[in-house]
Amino acid sequence: MTSAMTRMVARLLLLPTLITAVAILVKGYTQPGDGFSAGVVASLGVLLQLMVFGREEAEKIPGVRQAGTLAFVGLLAALGLAVWPLLLGDAVLTHYPPPGAKVLHFGTLEFITAVLFDCAIFVLVFGFVVGTVGAISRAIEDADEQEAP
Amino acid sequence: MPLVVALLSAPAAAAFGMLRPAGAAPVGAAFCALAFGATLWGFASGGGAVDVAWAPSWDLRLHLELDGLAALYALLATGVGFAVLVYSSRYLPLHLEHQDRPLSDGTSFYFFVLLFMGSMVGLAMAQDLILVFVFWDLTAIASYYLIGFDSHDPDSRASALMALLVTGVTAVLLLIGAVMLYAAHGTFSIPELAGRVEPGPLLTTAGLLIAVAGLAKSAQVPFHFWLPRAMAAPTPVSAYLHSAAMVAAGVLLLGRLYPLLQKSDVLLDVLLVVGSLSMAVGGVLALTRDVLKQLLAYSTVSQYGYVVVMYGLGGEYGAVGASFYVLVHALCKSALFLSAGTVTEATGSDRLSGLGGLYRSMPLLAVGSGVAAAGLAALPLTAGFFKDELFFAAALERGPVFAGLAVFGAALTFAYTWRFWGGIFLGTSDAEADRTSGVLVLPVVALGGLTLLGGIFVGPYLGLALAAGSDSLRAPADVVAAYHLDARPENLMALATYGLGVAIVLSRPLWSGAAGALSRLGERAGPERLYGMGLRGLNGLSDRAHRAEARDLRSRVAAILLPGGILAGAGILVTPTGGTYRVGTVEAGDIPLLLALVPVAVAALTTTFTKRHVTLALVLSSAGFVLALVYAFFGAPDVALVAVLVETVLTLLFLGTLRLIPYEVLHRQAGLPTEKRPRKVFFAAVAGASTFAVVWATLSRPAPERSVAEEHLKRTPEAHAGDAVTAILADFRGLDTLGEISVVALVLLAVLTLLRGGRLR
Amino acid sequence: MILILSLVIAVIFGSGAFLILQRDLFRVVVGIVLISNAANLFIISAGLTRGEPPIYPLPEGAPVADPLVQAMALTAIVISSSVAALLLSLVYRLYVAHDSVDIEDVSAAEAREAEALERGENPEREEEPRESPADVELREDTR
């Protein structure tokens with residue numbers, strides 16, 4: 001069993017990890033990092049919970065139980081973002097606003113579709129990592145159960 | 001507009017079928033009727049065309065047009081489709097009940113029938129070769145599922161595969177022909193091509209390839225063997241696909257491309273020969289078959305032989321006659337197929353020898369299918385009479401030899417049609433018929449009625465055929481069909497046909513031996529056997545390759561590494577390399593990079609002699625982490641960040657997997673003596689050495705041109721980005737990223753399946 | 001510098017190749033990961049320019065690292081790591097099926113099954129369209 005110290009640290013770390021992930025995501029366009037690394041960071045935060053508190057506790061965090069579905073939602077979103085410029089008569093994966101146009105700013109945050117694309121990747125990667133490791137941990141639990149009786 | 005309705009109908013029926021299995025048929029039939037109405041209305045109001053650029057850079061256009069030819073085939077597909085759907089709403093539940101299958105299995109049936117209908121309508125309207133190809137393959141796919149509907153039956157599956165392979169492989173020829181035409185004339189559009197092509201070897205070759213695709217689909221000799229096999233499908237499928245839709249697609253292609261084909265005499269002669277052969281082979285074989293649907297299948301082969309011959313004969317009578325023939329044949333043949341299904345359903349027998357005298361118990365069906373049979377046999381007062389009149393007229397234009405051939409073929413038709421109908425309904429037999437639902441009889445009567453109507457008021461039918469024929473000819477066609485009570489050649493030929501037909505029927509004992517011998521010869525040495533041999537040969541080849549792989553997995557790896565290394569080495573040896581290898585300089589700034597590289601190499605080497613698995617995993621991950629450091633020194637913070645994160649997750653995965661596999665199993669591996677070590681070291685050394693040579697050679701010679709990266713870097717601000725790497729990933733080379741995340745999602749799917757599979761066990 | 005980089009890449013690749021030749025499937029996976037590491041390092045070092053990170057504002061005068069190879073290496077890293085995850089779960093699956101992570105055991109079992117199939121089932125098996133070979137293998141694994 002994990003010690004009280006570990007549990008406390010793990011609990012404390014969850015929120016900062018997630019915030020870091022979001023920061024990496026939205027700042028990715030101007031600084032190192034992108035949807036992919038943000039997704040991994042966020043899922044590492046969740047995985048820490050999984051290791052310390054067990055799977056059942058971790059699955060209380062929204063989105064963890066449906067990780068697999070989430071990944072495919074991300075993929076679909078990315079595909080959709082890639083394809084919808086076709087409807088406007090542009091090439092696949094055209095991002096808006098076009099070069100030279102003014103960008104809506106919110107602080108240093110920029111509203112461009114490329115960031116949305118990154119968000120989709122974020123969701124996909126989060127689903128991938130959490131789903132894969134979660135599946136392995138489930139397999140471990142099952143194996144343990146089989147041995148126990 | 002009709003196309004939209006037709007294409008929508010399949011998903012709509014499927015959705016309803018999922019809610020309530022019984023709901024699929026009415027909804028499908030309603031959509032079918034709607035599509036029929038839309039086509040009729042669209043054609044009556046002068047047709048319509050859609051022509052939008054689809055992918056302009058590849059010259060692909062979404063070019064659909066509801067011209068005469070399209071209207072003819074679209075009306076057939078939707079009209080006969082409607083009759084068939086009504087019929088199967090009663091037939092299919094019975095069929096499923098016989099096989100102890102749940103009613104919900106029927107939903108997929110309706111889905112694919114309607115999908116077929118939709119793609120057939122699309123095919124009819126397509127004016128662009130690529131579009132034709134797309135719809136063509138859609139019909140093939142739908143037919144695969146329909147023929148293999150009884151998927152528990154190996155025979156049914158094999159037949160479905162055969163139909164798919166024969167029509168699918170030849171469809172590739174269609175594509176090749178289309179691309180050849182495009183390469184020469186710069187367009188896929190059929191009307192434009194018709195204006196541009198010149199007679200010559202190119203047209204002949206391309207036309208031949210396309211014609212082969214059409215002939216295979218229409219089950220012409222020597223591709224005819226798939227059609228009788230495809231009779232394994234439920235009867236409504238046979239009625240639909242093999243009278244009005246699937247096989248009609250083949251001649252539709254011929255009709256659509258006729259403006260091109262008719263410019264080459266060679267092609268027309270090929271059509272003539274293939275058509276006459278099919279006519280004869282199909283007709284003779286139809287006379288020998290005992291199973292009802294087999295008889296009808298061979299009759300279809302022979303009937304489409306006529307159509308092909310008519311296209312081969314050419315001229316006004318040929319083109320119009322072919323279209324008229326397809327129309328009438330579809331009505332009659334689907335009625336006959338459906339009556340075969342009803343008879344089998346009522347008596348439980350699907351063979352002529354077990355049937356007879358049914359006119360007493362099923363008078364309505366006897367009349368309905370009798371009219372259809374009369375139509376097929378070209379008796380007066382049915383639309384069928386005119387199909388033969390046009391056929392004779394076309395043959396007469398070419399000369400007495402063809403006229404004789406035509407009479408002979410028509411007489412064969414007369415004979416086997418008589419055999420079919422007479423064998424079921426006339427004579428005496430102890431076959432007993434259960435009462436059948438009216439739904440199983442009415443479509444037959446309706447189709448028969450349409451045939452009869454065409455015999456009395458031929459105007460609308462002929463009008464449709466004229467419109468279709470003029471589209472094939474690209475010139476207005478004017479052909480008159482009417483009854484003439486005089487001794488003109490066509491009438492004499494018809495009389496000769498009836499006489500000869502009766503003679504064939506009466507003289508059955510004389511020729512049945514010879515016909516049987518021909519049929520056996522076909523089975524022994526026919527193309528079907530060739531197909532079987534080809535399939536078995538391919539399968540044997542794959543088996544042998546698989547066995548070689550399964551027996552010796554590791555030497556296969558070595559077998560790839562070693563020749564790969566040798567080839568790369570040889571490539572380097574023969575390349576002039578004088579002075580190209582550069583050692584490079586080590587500057588002060590590179591020292592940290594060097595220091596980081598050393599542990600990576602050491603860690604990699606360590607993995608080769610680490611025994612314990614956990615240590616191995618940790619050494620691997622340490623190599624990964626130091627590598628991330630290396631990336632950072634390369635001025636790649638993005639890569640470094642991702643590498644660190646990925647390495648973390650990968651380490652977790654490695655340790656998790658190790659935890660899953662019991663210690664003893666792993667320990668057994670760790671304790672194994674290393675056998676053939678020198679050999680492996682040698683292979684690894686060869687691999688390493690050739691990698692070294694390749695990498696060194698590449699790194700020594702950076703491309704002298706300006707890099708595209710400079711452009712990327714320059715344009716990063718335009719993409720509203722600061723980090724060039726992210727901009728490349730999300731914007732400039734976004735498709736790469738799209739591919740990458742698709743891989744990730746697929747891997748997730750596979751991992752979840754694999755792990756869950758282990759749990760469910 | 002070029003020489004040293006090539007040497008390191010070659011060493012990593014060689015070690016990976018050596019591991020791939022082992023009987024232990026786990027080592028094979030490690031070998032594949034090593035080879036992809038070598039490839040990634042190669043991609044990065046094939047950059048035409050080296051220098052500061054390619055992030056705006058760009059440093060004046062100083063050379064900037066080639067962003068294109070970085071993007072490609074990123075893609076490669078992601079794909080190779082997901083492939084590694086797939087391989088690991090395959091190894092686990094093989095262990096569940098054959099109780100071993102030894103490639104000799106697995107291939108021996110597969111050869112046995114192939115023979116059993118040939119003896120037991122009808123020769124027309126090739127004409128079963130609904131069953132792709134992958135399905136068959138998967139089912140055999142679970143036996």
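Biologist: Between which helices of chain B is the loop where Ser189(B) is found?

Modeller: This is a predicted model, in which local features need pLDDT of at least 70 and side-chain atom pairs count only at pLDDT 80 or more, while totals for chains, interfaces and linings use all residues. Residues are numbered from 1 along each chain as its sequence is written, and chains are lettered from A and ligands numbered from 1 in the order in which they are written. Helices (DSSP runs of H or I, at least four residues) and strands (runs of E, at least two) are numbered from the N terminus. On that footing, the loop that holds Ser189(B) runs between helix H6 (154-185) and helix H7 (190-196) of chain B.

Biologist: Does Ser189(B) count as buried or exposed?

Modeller: A residue is buried if 20 or more other C-beta atoms, placed from the backbone, lie within 10 Å of its own, exposed if 12 or fewer do, and partly exposed in between. Because Ser189(B) has 21 other C-beta atoms within 10 Å, the class it falls into is buried.

Biologist: Which residues does Ser189(B) touch, not counting residues up to four places away in sequence?

Modeller: Two residues are in contact if their C-beta atoms, placed from the backbone, lie within 7 Å. The chain also brings Leu129(B), 60 residues away in sequence, to a C-alpha separation of 6.3 Å from Ser189(B). With residues up to four places away left out, the residues that Ser189(B) touches are Arg61(B), His63(B), Gln127(B) and Asp128(B).

Biologist: What is the phi of Ala219(B)?

Modeller: Ala219(B) sits in the loop between helix H8 (201-217) and helix H9 (226-229) of chain B, and it counts as buried because 29 C-beta neighbours lie inside 10 Å. Its phi is positive although the residue is not glycine, with a value near 60 degrees.

Biologist: How far apart are the end C-alpha atoms of helix H21 (residues 489-506) of chain B?

Modeller: The expected span of a helix is 1.5 Å times one less than its number of residues. For the 18 residues of helix H21 of chain B this comes to 26 Å, which agrees with the separation of its end C-alpha atoms, 25 Å.

Biologist: Which helices of chain B do the buried residues of H21(B) pack against?

Modeller: The buried residues of H21(B) are Met493(B), Ala494(B), Thr497(B), Gly501(B) and Ile504(B). They share one side of H21(B), because the directions from the helix axis to their C-beta atoms cover an arc of only 100 degrees. On the other side of H21(B), Leu495(B) and Leu506(B) are exposed. The partners of the buried residues are helix H17 (383-398) and helix H18 (400-425) of chain B.

Biologist: How many of the residues of H17(B) are buried?

Modeller: The 16 residues of H17(B) should span 22 Å, which agrees with the 24 Å between its end C-alpha atoms. The helix is followed by Gly399(B), whose phi is positive, near 135 degrees. H17(B) is mostly covered, and the number of its 16 residues that are buried is 13.

Biologist: Between which domains of chain B does the largest nonpolar core lie?

Modeller: A nonpolar core is a set of buried Ala, Val, Leu, Ile, Met, Phe, Trp, Tyr and Cys residues joined through C-beta atoms within 7 Å. The largest one has 209 residues, and Tyr73(B), Ala77(B), Leu146(B), Ala248(B) and Leu327(B) have the most contacts inside it. Both domains, whose bounds come from an automatic or database domain assignment, give residues to this core, so it lies between domain 1 (1-263) and domain 2 (278-506).

Biologist: Which helix gives the largest share of the side of chain C that touches chain B?

Modeller: Here 82 residues of chain C are in contact with 101 residues of chain B. The elements of chain C that give two or more residues to this side are helix H1 (2-20), helix H2 (25-45), helix H3 (67-98) and helix H4 (103-120). The largest share, 24 residues, comes from H3(C).

Biologist: How many charged residues are on the side of chain B that touches chain A?

Modeller: In this interface 38 residues of chain B are in contact with 46 residues of chain A. Ala, Val, Leu, Ile, Met, Phe, Trp, Tyr, Cys and Pro count as nonpolar, Asp, Glu, Lys and Arg as charged, and the others, Gly among them, as polar. The side of chain B has 22 nonpolar and 9 polar residues, and its number of charged residues is 7.
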